[in-house]
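Q: I would like to learn how to read a model of this kind step by step. Could we begin with the contacts along the chain and then go on to helices, cores and single residues?

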Amino acid sequence: TGCFGGQVSYDLADLRPAHYNGNITDYHFDAMVDLFKTSASHMGVEQGGMYDALILLNRSRADITTGCAVRMELAKKKNQLEGADQLFQRLGGLEGMMAIMDRQFECIERDKRLNMFFEGTKMQAIKRSVTDYLIMTLGGPSDYIGRPLAEAHAVLQITDYHFDCFMQDLQRAMRDVGSDGETVDEATVVLELIRKKVLQVHYGK
């Protein structure tokens with residue numbers, strides 16, 4: 001409420017540190033703004049008031065997204081300097097990756113945002129394929145022989161939202177098996193590069 005001139009119950013100095021580890025990007029901030037606009041429209045907020053509110057909201061963008069941007073840039077530079085193989089080893093090598101993927105698919109099975117894409121008799125085959133691809137992408141030895149990502153995901157109705165959900169589950173899985181925050185950030189940077197391949201059909205619509 002303080003943002004719009006109401007009672008101030010939040011110290012603005014806390015905004016940036018509170019969101020530093022939140023993995024919030026401009027995409028997520030824009031999604032929040034879209035929801036705000038939809039809600040305001042349903043409440044009958046006039047266009048002029050909406051415009052002023054969006055200006056005020058966007059003033060907080062940097063404080064909310066900077067933490068993620070800084071962490072991802074630091075992780076990117078470390079990957080460039082040390083190479084992907086060091087990341088794979090810090091994730092625990094093959095044994096560590098298998099533990100991460102076991103935990104990842106446990107999370108997916110309970111994740112109602114995603115589990116509809118992983119149901120059926122081919123679940124184990126999908127898990128093996130995803131595991132092999134991520135091992136390869138994160139710098140490890142892999143026998144991935146599956147289809148190109150764009151082709152494999154072409155028939156699925158997936159968007160950035162679903163990719164983000166998958167990444168959230170994967171980040172949780174890495175933390176749950178003992179990966180530190182820096183390692184999770186570095187893996188996130190590497191895997192972010194496959195977003196456009198997975199969503200190629202979606203982006204082409």
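A: Since contacts are our first topic, take those in the protein with a separation of 6 or more: residues 24 or more positions apart account for 76% of them. Please keep in mind throughout that this is a predicted model.

Q: How many helices and strands does the protein have, and in what order do the elements run?
A: The protein has 12 helices and zero strands, and from the N terminus on the elements accordingly read α-α-α-α-α-α-α-α-α-α-α-α. Taken along the principal axes, the box filled by the C-alpha atoms is roughly 60 × 35 × 30 Å, and of the 205 residues 37% count as buried.

Q: How should I read the packing of two helices, and at what angle do H6 and H9 pack?
A: One looks at the angle, the distance between the axes and the residues in contact. Helix H6, residues 93-110, and helix H9, residues 160-176, pack at an angle of about 130° with their axes 8 Å apart. Because an angle that is neither under 35 degrees, nor over 145, nor from 65 to 115 counts as oblique, H6 and H9 are oblique to each other. The crossing in which H6 passes H9 is right-handed. On the H6 side the contact is made by Ile100, Met101, Arg103, Gln104, Cys107 and Ile108, and on the H9 side by Phe166, Asp169, Leu170, Arg172, Ala173, Met174 and Asp176. Sorted by character, the residues of this contact are eight nonpolar, one polar and four charged.

Q: Which residues have the most contacts inside the largest nonpolar core, and which element gives the largest share of this core?
A: A nonpolar core is a set of buried nonpolar residues joined through side-chain atoms within 4.5 Å. The largest one here has 33 residues, and those with the most contacts inside it are Met97, Ile100, Met101, Leu134, Leu138, Phe166 and Leu170. Two or more residues each are given to this core by helix H5 (84-90), H6, helix H7 (123-137), H9 and helix H10 (181-192), and the largest share, seven residues, comes from H9. For a single member, consider Ile100, which, leaving aside its neighbours within four places in sequence, is in contact with Leu91, Leu170, Ala173, Met174, Val177 and Ser179. There is also a second, separate core of eight residues, which includes Leu15, Ala40, Met50 and Leu54.

Q: Where is Glu186 found, and is Glu186 buried or exposed?
A: For such a question one compares the relative accessible area with a cut-off, and buried means under 20%. Glu186 is found in helix H10, and with a relative accessible area of 0% Glu186 is buried. Apart from neighbours within four places in sequence, Glu186 is in contact with Ala75, Lys78, Asn79, Gln86, Leu87 and Arg90. Asp185 also lies in helix H10 and is buried, with a relative accessible area of 11%; beyond its neighbours within four places in sequence, Asp185 is in contact with Asn23, Arg71, Met72 and Ala75.

Q: Which loop does Asn115 lie in, and does Asn115 count as buried or exposed?
A: Asn115 lies in the loop between H6 and H7, and at 18% relative accessibility Asn115 counts as buried. Not counting residues up to four places away in sequence, Asn115 touches Ile108, Glu109 and Arg110. The C-alpha atoms of Asn115 and Val155, which are 40 residues apart along the chain, are separated by 16 Å.

Definitions and conventions
Residues are numbered from 1 along each chain as its sequence is written. This is a predicted model: local features need pLDDT of at least 70, side-chain atom pairs count only at pLDDT 80 or more; totals for chains, interfaces and linings use all residues. Side-chain values use heavy atoms; hydrogens and water are left out. Axes are lines fitted to C-alpha atoms, for helices over the stretch in contact, and angles run from 0 to 180 degrees between N-to-C directions. Helices (H or I, at least four residues) and strands (E, at least two) are DSSP runs, numbered from the N terminus. A crossing is left-handed if the near helix is turned anticlockwise from the far one by less than a right angle, and right-handed if clockwise. Contact means heavy atoms within 4.5 Å. Ala, Val, Leu, Ile, Met, Phe, Trp, Tyr, Cys and Pro count as nonpolar, Asp, Glu, Lys and Arg as charged, and the others, Gly among them, as polar. Buried means under 20% relative accessible area, exposed over 50%, partly exposed in between (1.4 Å probe, protein chains only).
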